[in-house]
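Reader: I'd like to learn how to read a structure like a structural biologist would. Can you walk me through one, feature by feature?

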Amino acid sequence: MADEQLDEDAPIFAITAAAELASMHAQTLRQYDRIGLVVPGRTRGGSRRYSLRHIRQLREVARMSAEGISLPAIARILELENEVTALRREVRALERQLRTEVQQRPGARVFAAGASGAVVTLRQGARVRRATEVVLYRRPELDQD
């Protein structure tokens, strides 16, 4: 059980627990939800549920607010942080996809020029056989003796 990680996006905390974890009043969390600053998940009944990521964002909002940053600026910062998080997930997914592709098709993407000049696919480690004959060029008008 110690090896299992808690999903930081799982909406598991009720508003009172989230407010306590973020060292804020529940009314502040409701206000942040209304203005779209930190928007929690909702249950079927409409109750707010906060995730660990939300708690971290609430703490960050409190820190930035204490430093004098306006709420619209904080909202933009959080929006950009969420975008970065989403892009990192996408990069990890693409890296996994690429790794899988490389493992399933090793060497299938090696190309070379064949004897005729056409592009040919090779197995990894294979080489194209080259013609080794020497060809002399004669101008046609000289052959007319």
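Reader: Let's start with a single side chain. Leaving aside neighbours within four places in sequence, which residues is Leu78 in contact with?

Author: First, keep in mind that this is a predicted model. The trick with contacts is to skip the sequence neighbours and look at what remains. For Leu78, that leaves Leu37, Val38, Gln57, Val61 and Met64.

Reader: Okay, and how do I go from one residue to a core? Which residues touch the most other members of the largest nonpolar core?

Author: You look for buried nonpolar residues joined through their side chains. Here the largest such core has 18 residues, and those touching the most other members are Leu29, Leu37, Val38, Tyr50, Leu58, Val61 and Leu78. Helices H1 (15-22), H2 (26-34), H3 (52-66) and H4 (71-104) each give two or more residues to this core.

Reader: Let's take H3. What should I look at in a helix?

Author: Start with length, then see which residues are hidden. H3 has 15 residues and reaches 21 Å between its first and last C-alpha, close to the 21 Å expected. Next comes a handy rule: an α-helix has 3.6 residues a turn, so residues three or four places apart point the same way. Now read the buried residues of H3 with that in mind: Arg53, His54, Ile55, Gln57, Leu58, Val61 and Met64.

Reader: What covers the buried residues of H3?

Author: The cover includes H1, H2, strand S1 (41-42), S2 and H4. And just after H3 comes Gly68, which has a positive phi, near 95°.

Reader: I noticed His54 on that list. Why does His54 count as buried?

Author: Burial is a matter of relative accessibility, with the cut-off at under 20%. His54 comes in at 14%, so it counts as buried. Its side chain reaches the backbone nitrogen of Ser51 at 2.9 Å. Beyond its sequence neighbours, His54 is in contact with Val38, Val39, Pro40, Gly41 and Arg49.

Reader: A charged residue can be buried too, then. How do I read Arg48?

Author: Ask where it sits, then what it meets. Arg48 is in strand S2 (residues 48-49), and at 18% relative accessibility it counts as buried. Its side chain has a polar contact of 2.7 Å with that of Asp33. Asp33 is also among the residues Arg48 touches beyond its sequence neighbours, along with Phe13, Ala14, Ile15, Arg30, Pro40, Gly41 and Arg42. Arg30 is 18 residues away in sequence, yet the two C-alpha atoms are 8.9 Å apart.

Reader: And salt bridges? How many are there?

Author: The count comes to nine. For each one, check the distance and then how far apart the partners are in sequence. Arg53 and Glu8 meet at 2.6 Å, N to O; Arg53 is in helix H3 and Glu8 in the segment before H1, 45 residues apart. Arg53 also bridges to Asp9 at 2.5 Å, so this pair ties together parts that are 44 residues apart in sequence.

Reader: Are those partners buried or exposed?

Author: A mix: Arg53 is buried at 14% relative accessibility, while Glu8 is partly exposed at 28% and Asp9 is partly exposed at 33%. Glu8 forms a salt bridge with Arg56 as well, at 2.8 Å. Put together, Glu8, Asp9, Arg53, Arg56 and Arg89 are linked in a network of salt bridges.

Reader: Last one: how do I check a database annotation against the model?

Author: Compare the listed range with its secondary structure. An unreviewed UniProt entry lists residues 77-104 as "coiled-coil region". In the model that stretch is 100% helix and 0% strand, with its end C-alpha atoms 41 Å apart.

Definitions and conventions: Residues numbered from 1 in each chain as written. Predicted model: local features only at pLDDT ≥ 70, side-chain atom pairs only at ≥ 80, totals over all residues. Heavy atoms only, no water. Core = buried A, V, L, I, M, F, W, Y, C linked by side-chain atoms within 4.5 Å. Buried < 20%, exposed > 50% of the residue type's maximum accessible area, 1.4 Å probe, protein only. Helix = DSSP H or I, 4+ residues; strand = E, 2+ residues; numbered from the N terminus. Contact = heavy atoms within 4.5 Å. Polar contact = N/O pair within 3.5 Å; in protein donor to acceptor, adjacent residues only side chain to side chain. Expected span 1.5 Å × (residues − 1). UniProt positions renumbered as here; feature names shortened; annotations may be inferred. Salt bridge = Lys/Arg side-chain N within 4 Å of Asp/Glu carboxyl O.
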